[in-house]
Amino acid sequence: MNNVFPVKKGADLVKDHLLEQLQNGFYAPGDRLPSVESLASQYQVGRSTIREALSALKAMGWLDIRHGGGTFAKRQPQASADMLHSWLADIDSLQSLIEVRKIIEVGSAALAAKRRTAGDLDAMAECLQLMETHLGDEEASEQDDLLFHVHIARASHNEILIPMLELFHQQCARHMGHTRRMWLFGERSTAAQLHKEHQLIYEAIKQQQESLASKLMLDHLNKVEALLNDHA
C-alpha cells in the first residue's frame, strides 16, 4: 500500500483507514506512527479527530500510545477485542453506556484501592496535575479524564478491565456529541468540580479505602450522568 491518504473526515473514517493499514502490514508491530499533527495534516482533519481515532485503535489493541513518547503499532490483537468493539459501536444509547460504566468502574476503584502500587499512584497524581493545568481546555480535559479512569483500571491489575474501560469511554465520547463534551469539559467551573471529584477518588485509592473509593466513583459517575442529562 502506498503512502497516499484519501481526504476523509470523521474519527471513524480515519480509524477505519488506519486499521486497514495496520491489518495489511503497512505499519508493522513496533513501527512508530506519524505524529498527531502529521496525521491531522494528511487526513485534513483536526487533531482531536485524530486522537479519537487513535484512542479507538488503542482500545481495540492495535496501538500502544505512550504519553510523550509517540504511538506505536502492536501485534494483531485477539479477535475478541475486535468483536467487543464492533458490538459497542452498534450501541446507540449514552444512558446504557454510562450505566455499564457505573457497574464496572465502581468495582475497578475498589480493586485499585486494594492493589495499587507506588507507580500507579504516581501515574494518577501526574494525571491530576494535568487536569488542573488544562482546566477550561475542552480537548485536553477530555483526554485527561479518560486517562485518569484508565490509570484506575491499570491500578486494579486486572488485564480485562483496561481495554474494556477504554472502549466504554471511547463510545461515551462518541455519543455525547461535541456540544455536550464542550460544555462538560470546557466550562471551567464544571471542569474544576470534576477535578475535585477525581482528587477525592485518588486519595481514597491512595489510602486503600476500598469502600470509600467505590462510593466516590459512583457519586462521580452519577453526577456526570445528571449533568449530561440536564444538557441533552
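Glu105 is buried in this predicted model, with a relative accessible area of 1%. Its side chain meets that of Arg101 in a salt bridge, with an N to O distance of 2.6 Å. Arg101 is likewise classed as buried, at a relative accessible area of 9%. Both residues lie in helix H5 (residues 94–115), where they are 4 residues apart and therefore separated by about one helical turn. Side chains of opposite charge can pair when their charged atoms come close.

The structure holds 7 salt bridges, and two further examples involve residues that are partly exposed. In helix H10 (residues 210–230), Asp219 and Lys215 are 4 residues apart, so that about one helical turn separates them. Their side chains form a salt bridge of 2.9 Å, N to O. Asp219 has a relative accessible area of 29% and is partly exposed; Lys215, with 48%, is also partly exposed. The side chains of Asp64 and Arg66 are joined by another salt bridge, again with an N to O distance of 2.9 Å. Asp64 counts as partly exposed at 27% relative accessibility, and Arg66 counts as partly exposed at 43%.

The protein chain as a whole contains 10 helices and 2 strands. From the N terminus, the order of these elements is α-α-α-β-β-α-α-α-α-α-α-α. Of the 232 residues in the chain, 46% are buried. The exposed surface of the chain comes to about 11400 Å², of which carbon and sulfur atoms supply 50%. When contacts between residues at least 6 apart in sequence are considered, 70% join residues at least 24 apart.

Helix packing was examined for H6 (residues 118–133) and H7 (residues 138–156), whose axes are 9 Å apart and meet at an angle of about 170°. The two helices are therefore roughly antiparallel to each other. The contact between H6 and H7 comprises 10 nonpolar, 1 polar and 4 charged residues. On the H6 side, the participants include Asp120, Cys127, Leu128 and Met131; on the H7 side, they include Asp145, Phe148, His151 and Arg154.

Several of these residues also contact His198, which is placed in helix H9 (residues 188–206). With 1% relative accessibility, His198 counts as buried. Beyond its neighbours within four places in sequence, His198 is in contact with Leu128, Met131, Asp145, Phe148, His149 and His220. Among these partners, Leu128 and Met131 belong to the H6 side of the H6 and H7 contact, and Asp145 and Phe148 belong to the H7 side.

Technical notes: Residues numbered from 1 in each chain as written. Predicted model: local features only at pLDDT ≥ 70, side-chain atom pairs only at ≥ 80, totals over all residues. Heavy atoms only, no water. Buried < 20%, exposed > 50% of the residue type's maximum accessible area, 1.4 Å probe, protein only. Contact = heavy atoms within 4.5 Å. Areas by Shrake-Rupley, 256 points an atom, 1.4 Å probe, with all protein chains shown as cover. Axes fitted to C-alpha atoms, helices over the stretch in contact; angles between N-to-C directions. Parallel < 35°, antiparallel > 145°, perpendicular 65-115°, else oblique. Nonpolar A, V, L, I, M, F, W, Y, C, P; charged D, E, K, R; others polar. Salt bridge = Lys/Arg side-chain N within 4 Å of Asp/Glu carboxyl O.
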